[in-house]
Amino acid sequence: MTATELSTFTLTLASLVQESGHAAPAHSEPAAGGMATLLVPVFTLLGTVLCGLFAAFKVKSKLPAWTTVLLLAASFAAIVYTYATGQGTTSPVIAHGFDWISITWGEFGSAGHGHGIAANFSFYVDALTLLWMLFVTGLGTLIALYASEYMSHDVGAGYCRFFAAFNLFVFSMSCLVMADNFLLLYLGWEGVGLCSYLLIGYFYKKPSAVAAAKKAFIVNRIGDLGLALGVFLIYVQFGSVEYKAVFAEAGRYIDAARAGHFDQIPWQVQLIPLLLMVGAFGKSAQLPLYVWLPDAMEGPTPVSALIHAATMVTAGVYLVARSYPLFLCSETALPVVAWVGTLTALLAATIGMAQFDIKRIMAYSTVSQLGYMFAGLGVLTSTGAAFHVLTHAFFKALLFLCCGAVMHGFAGQLDLRKLSGVWKIPGWKVVSVGMLIGCANLSGFPLTPGFFSKDMILAEAFVTPGMAAIGWLLLLTAGLTAYYTFRVFFRVFVGPVEYEPGDELHAHDDHGHDGHAEAHGTVHGHGDSHGHSAATGNHGHAGHFHPHAPGWAINTVLAILATLSIVAAGLYFMGDHGGWAANMVHHSTAALPPAPADHAAESGAGHAHGSFLGMDPHAVMYYVSAVVGFIGIGVAFWLHFAGRTTAATSRADALVPKLGAVARAAQHKWYVDEIYDFLLVKPLWVLSHIFHLIDALLVDGLVDFAGWVPRTVGKVIRPAQSGLLHGYAIGMAGGLAVLLLIVLLAVT
């Protein structure tokens, strides 16, 4: 963004803040209420404890799963009750649990000026809180039901361990989302990071899973440092970490933003959102901290669906939305958010196009869509960002769980070159239809929820002055997304029926079907020499592999998510422009209405809004994005479906040699991991060994020398202490002779 564009954006931001009346809610004192929300941490902690007891008593049944499903369903009911009774939907309420941290120092009173910090275990319940918690607890319940079948191979201690961490994750997420202060938010923030580490590394005997868990933990710690520094600076600058106090104090700086006088806002205040942004980028896998998320696919698929698609990775988006009053106090924070999100979306999309592991493709898709959400926040459509969070939670969970079902039934096979025609295999219709609905949403197919939420962001990018380049890049990303999404669908679910099992056929099943593969066949193969597939009933001998179709639990969850991924489109038409999600956001700290009609006079832009090729972006973006999506789907159809006769080959194969180094770089993820390894890991490894040598030779050497000196002196004089009287007499005589000799020499 150029200096002129930044200035225009700043004036736009100022006018939007002026119209929003954003400072008023910040100064209002939240009332007490929303006490039902306190049941969520109670239920989830209870689930964690019970699963621990089940493990201690060596329970070998699905009791941990059913307990988890029941308690998460109760948590969801508590949130629904809070929403249905209108608590927090129009104005925030505080649900006080107990006094947690209350520290004071100094002298209080008429003559003294004391200081202190207060952070209670209390929940700030507003519309944004309810929006997030509805899908966190709702999806948590559904995915726990899915996991009851998916993880059934590990019934016993591992099963209990999985669901204990599952419950602990929802507890941590509830603290993060519902906290009424930044310290409780930070507790939940670290809690979800811990649970992510535990669940990614669930298969702790698998080296790749352990490495992925460590990578996620370390990369997230980098972002968490930024968040911690931001919280420290919030307290130093505002004297409190409670939302109601911080946002009220931020109101006077927003007054300066109204007038466009960002130079009157202290640099420390403008630094706060930049630090919070670092934490958000780490947790939500944005440049340059996105590299942990694709590797996190080493965890069980229910983990990928819950934590790394629908809930935890949206924590960064939530942090920015919740702290929007602070971001409005900085003239650079939101543009940085917009550009980082856009570049992340584009980069991840180009990598996803070149991958062959369908679960990893969905991981890069998640990174890309998170970039869309950040871009939405940055271009001043917090409504679009929040709505995309909601729709993405449904359809991306659906996509991951469909991929997991394929992995579950095909002995761990995820290579799209070794799977084809799954739709035609008996027992796989629900999975296939669910995958189609999820792909349509991700591609922005017209009238799907993903279509509406993505369009809100795209249109606003062209409306906001100085952000047109972001709009064009996001449109390009939308086309790439449609391509790589339907590349998966056309390769795996339609076409000739052909498949072969994965590497887990004869090994311990890391993903939930270890008895299934052996029960249905023992030999590789995706068809006989005559072109007949193993799935068509032409099993010439017992050597053919039979895929294991998902059971009732998996199919039920997929059917519910597929339904939600369709009917959620209706939310867009509930209420004013932007629908239900817009109404929820407008009654929260993330509220920011559209620009005023007289914006042109204030911004000097020459017209009230930006435009798309001279047209109103909000009016034409429906058609533009639909055309871009259809182009992407059409290219995928031509390259990966039309004329394809085998699973392994397609027309796209002929393009790879022509693209040369570009294709290889995309397949190798643009060598980002290698660059990080060269620039960061290897130098730190060398530096650590240098410090080790300094520690061993210098520090330990000095300590060892300090111990060696008295030890040596003692060793030398030890023979003199023999305990023999004549020896002592000889020593005394010798000493006396020496003294006499010294005296004589001194006299003479």
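In this predicted model, the side chains of glutamate 249 and arginine 252 come together in a salt bridge, with N and O 3.1 Å apart. Both residues belong to helix α9, which covers residues 243–258. They sit 3 residues apart, about one turn of the helix. Glutamate 249 is partly exposed, with a relative accessible area of 29%, and arginine 252 is likewise counted as partly exposed, at 47%.

This pair is one example from a longer list, for the structure holds 11 salt bridges. Side chains of opposite charge can pair when their charged atoms come close. Another example joins lysine 682 to aspartate 677, where the closest N and O atoms are 2.7 Å apart. Lysine 682 counts as partly exposed, with 42% relative accessibility. Its partner, aspartate 677, has a relative accessible area of 26% and is partly exposed too.

A further salt bridge brings in helix α8: lysine 215 pairs with aspartate 295, and their closest N and O atoms lie 2.8 Å apart. Here the link is between distant parts of the chain, as lysine 215 is in helix α8 and aspartate 295 is in helix α11 (residues 292–295), 80 residues apart. Is aspartate 295 buried or exposed? With a relative accessible area of 17%, aspartate 295 is buried, because the cut-off for buried residues is under 20%. Salt bridges also occur as a network, which links Glu190, Arg221, Asp224 and Lys283.

Helix α8 itself deserves a look along its length. The helix runs through residues 207–238, 32 residues in total. From its first C-alpha to its last, α8 reaches 46 Å, close to the 46 Å expected at 1.5 Å a residue. Where does α8 bend? The bend, of about 25°, is at isoleucine 222. After α8 comes glycine 239, and the phi of this glycine is positive, near 75°.

The wider setting of these helices can now be filled in. The chain has 748 residues, and 56% of them count as buried. Its secondary structure comprises 29 helices and 5 strands. How much of the contact pattern joins residues at least 24 apart? Among contacts between residues at least 6 apart in sequence, the share is 80%. On the outside, the accessible surface of the chain comes to about 29,400 Å², and carbon and sulfur atoms account for 70% of that area.

Note on methods:
Residues numbered from 1 in each chain as written. Heavy atoms only, no water. Helix = DSSP H or I, 4+ residues; strand = E, 2+ residues; numbered from the N terminus. Buried < 20%, exposed > 50% of the residue type's maximum accessible area, 1.4 Å probe, protein only. Contact = heavy atoms within 4.5 Å. Areas by Shrake-Rupley, 256 points an atom, 1.4 Å probe, with all protein chains shown as cover. Expected span 1.5 Å × (residues − 1). Bend = angle between axes of the 7 residues up to and from the residue. Salt bridge = Lys/Arg side-chain N within 4 Å of Asp/Glu carboxyl O.
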